[in-house]
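Please open the model in a viewer and keep the sequence panel visible. The tour below proceeds by selection, with a description of what each selection shows.

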Amino acid sequence: MPPPPDLVVWPSTEEEVQAVIAVARRRKLPVIPYGAGSGVCGGTWATHGGVALDLKRLDRIGPVDATARTVDAEAGVMGETLERRLASEGWQLGHTPSSIYMSTVGGWLAARSAGQLSSRWGKIEDMVLSVRAVLGTGERLETPERPFSGPDVAQLLIGSEGTLCAFTRARLRVFPLPEGRAFHGYDFKTVADGLEAIRVMFRAGLRPSVVRLYDPFDTAIVGDKPPHVSTTSPSQAPALSRELLPALFRVLAPQTLGRPGLMNRATHLLRKSRLVLVFEGEAARAADEDAAARTLCQRLGAVSLGPQPAEKWLASRYDVSYRMSKVFEGGAFADTFEVAAPWERVYEVYQKVREAVAAHAFVLCHFSHAYLEGCSLYFSFVGAAPLGQERERYESIWRIALSAAQSAGANVSHHHGVGLLKARALQESLGEGRHALKMLKDFFDPDGIMNPGKLGL
Amino acid sequence: MSSSELRHALGPMCVDSPDGLYACPRSARELTEVLAVLRAHGVALGREVKLSRGAFDRLEAVEPKSCTVLAGAGLVLADLERLLHPHAFTLGTLSPHALTLTVAEFLEGPYAGLKPVPVGRLEPISISLEAVLADGRQLKTHFSPRSAAGPDLSALVLGAHGRIAVVLKARLRCLPLPEARQVVRLSFPSVEAALDGVRAALADGCCPARARAQKVQQRTVLEVELAGALDGVARDAQSLQHRAPTLGGRPAGEALHPPATPHEHECSWPAVARALDHGEVLDLYRLSLHGAIVAGGAGGLGLDAPARWAHGAGLAATVLGGPL
């Protein structure tokens, strides 16, 4: 369990945030800015105790400025609330992370979040025009909007994971709700073919909102069945799925997931790699881009599957995060980690991580969040270990996987952030640049009270 | 300290020129040495001693798959553009003044190294940087398309006028050389309608190379130049033509004359509208939902000379204080 803070405060205004930080400065208490707690890297763990600064009461959303195409949202606004409110007025942010039901605007800014539609609409740092924050010094800061002279201080604060400031508000870019969407799925003979298709697509100027290429085993799991929509609560489920299947899984997990080498070798029999694309925006343009992508994919040997795989993905896109708990209940462990790399390195990163982790856990990967220059790789690993050795096995997998990814040319994180889990890797990857990060820390938080330990600060 | 003492202290790492003493490091290590000497003598780089990055004038590497190149900070962008063409790459359409700048001046100066990308966004042209901080330490950012690994430290360089860090090399995002170009000429009943049309097309994904605009009699004429892949240009033209009628737009005939003044400003869209209402003819570059780089008589952030910083001056002075 994460260590708890000494107390939790719920400020409702920026002035109250400022007051809390002022008290914390005087008493040298750690302050841990907290959104909705969806982070997966330990970014809000109160490792030194202190005050959890829960920002969810900063929940006001301003009116949409339809001419400038912007909206002001406070840091505690929940993602789903924001998108729903914007949609009611015909707008969207286009930021739909898997955590949308349990993450906030402030959390997105703190961790440089990416939504599932980022290939078209960008990551959160692309959507921000300016931010307001209370610094570790207790001062309030509002960054300017373009045009301005000088460095973009917003980009120095975004991604700081509460170590420099607590965000209170952001001005964000909004877009009209898409007039149309075009869905398509393709099967490629190999992962490499699928990656090449994405690369060429972006080079041709196409900008799908969703790009997801599943590696062969992930493709097999994704399958062709329509999504299952359950209308029964877990407690009302039949005894078979409530008790018997989990019990069976607990017995089988050590025999299967405990022998990942065998299972990983078995996946070599699978080759097919599935690509899911969604184009959206002005209807005719979305259809035209979809047609152009189809020509391109087929030229690279892909089999068109029609719209169903992409429609299915859209219908079940938030489900996977909720399935993980079943793995834990079964006595196994599962986690994900994500990195990004330029196109020259993407396939090598994929291979090296798989090779490195294969003996310790079962590995899946999908490629998403694509750019002209490269893309993100999202690995999932599932494993089991003898009783009492789970944590050691889990931590060693993390070390091995991240080290393999970095040595093959990947960065430390594309959108989950750093927190505690990747802090050491970040500091190592920065080299002498870590002093620049430390100098920012000393400037914005001279007493070192803001979220100590995260990012290695 | 006299200039002869400085010259002696810097040794072969400096040269005299008619406009003063220049430090001419040939490596990051030499720049670190230069900064150490200046710091020891209480001299600021850029005042008694200017910095030449002439030794960093090479196109060092081309990464064809990721469409990126590693370029020395002393390379002039117009020269770099010529060097890219044999590789079938371009930097994209830059404004005339931007093309006269070095990579370093473009990144560190008021252009802040920004370029437009589809859907009306801006992003740094540099995907990664190699720089030296004021204290002599090196800053190398990772070559990856996007990151969530802490704050974006390249913001210590971009637009910071070299006061926090000095860039020596940058890996730049390029585009494939355009296969096609097309000019779409439209007229609108008002300036607002014309600019609404531009913004709507940008949000649709249209990414114009440049545009020219002027009020002609009672209508506002907009000439938009599109460049890129053959079907991409056709799609962008279609986006513009699709949006125009809903805003009272219609095809226009005669080409506009270029603006009288070449001075460039970064302008918000309201500033562009005001200039057009005053009858100015404007050339627009780097079009985004934020605004544009404007050549012509418009008010905005001047791009010819350093301006006072809105934010971040304290950062340069206090945190990373040194000889920059």
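Between chain A and chain B, 31 residue pairs are in polar contact, counting pairs in which both residues have pLDDT 80 or more. The model is a predicted one, and every stop on this tour should be read accordingly.

**The interface**

Select helix H17 of chain A, residues 434-444; with 7 residues, H17 gives the most to the side of chain A that touches chain B. Next, display the whole contact, to which chain A brings 77 residues and chain B brings 75 residues. The area buried between the two chains is about 6,000 Å², and carbon and sulfur atoms give 60% of that area. Which residues of chain A lose the most area to chain B? Select Arg146(A), Arg285(A) and Glu373(A), which together account for 12% of what that side buries.

Turn now to the charged pairs. Across the interface of chain A and chain B there are 7 salt bridges. To view one of them, select Arg235(B) together with Asp288(A), where the closest N and O atoms are 3.3 Å apart.

**The parallel sheet of chain A**

Move to chain A and select strands S1, S2 and S3, which form an open sheet of 3 strands in the order S1-S3-S2, with parallel pairing. Strand S1 (7-9) and strand S2 (31-34) are at the edges; each has a single partner strand, and therefore one side of each has no neighbour in the sheet. On average, neighbouring strands here are turned by 25 degrees against each other, direction ignored.

Focus on S2(A) and S3(A), residues 51-54, which run parallel and are joined by 4 bridges. Within this pair, select Tyr34(A) and its bridge partner in S3(A), Asp54(A). Then add helix H1 of chain A, residues 14-27, which lies across S1, S2 and S3 and runs at about 170 degrees to S3(A).

**The antiparallel sheet of chain A**

The next selection in chain A consists of strands S4, S8, S6 and S7. In that order these 4 strands form an open sheet, and the pairing is antiparallel. What stands at the edges of this sheet? Strand S4 (70-74) and strand S7 (140-142) do, each with a single partner strand, so one side of each is left without a neighbour. From one strand to the next, the twist averages 15 degrees.

Select S4(A) and S8(A), residues 165-173, to see an antiparallel pair joined by 5 bridges. Thr70(A) is a useful marker, since its position is opposite Arg173(A) in S8(A).

**Chain B**

Colour chain B by its domains: domain 1 (3-51), domain 2 (59-176) and domain 3 (180-302). The centres of domain 1 and domain 3, taken over C-alpha atoms, are separated by 46 Å.

Then select strand S14 (residues 210-216) and strand S15 (residues 219-228) of chain B, which pair in the antiparallel sense over 7 bridges. Ala213(B) is opposite Leu222(B) in S15(B). S14(B) and S15(B) form a hairpin with 2 residues between them, and Gln217(B) in the turn has a positive phi of about 55 degrees.

For the final stop, keep S14(B) selected and add strand S18 of chain B, residues 282-288. The two run antiparallel and are joined by 3 bridges, with Ala211(B) opposite Leu284(B).

Notes:
Residues numbered from 1 in each chain as written. Chains lettered and ligands numbered in written order. Predicted model: local features only at pLDDT ≥ 70, side-chain atom pairs only at ≥ 80, totals over all residues. Heavy atoms only, no water. Pairing = 2+ DSSP bridges. Axes fitted to C-alpha atoms, helices over the stretch in contact; angles between N-to-C directions. Contact = heavy atoms within 4.5 Å. Domains from an automatic or database assignment. Buried area = accessible area lost by both parts, 1.4 Å probe. Salt bridge = Lys/Arg side-chain N within 4 Å of Asp/Glu carboxyl O. Polar contact = N/O pair within 3.5 Å; in protein donor to acceptor, adjacent residues only side chain to side chain.
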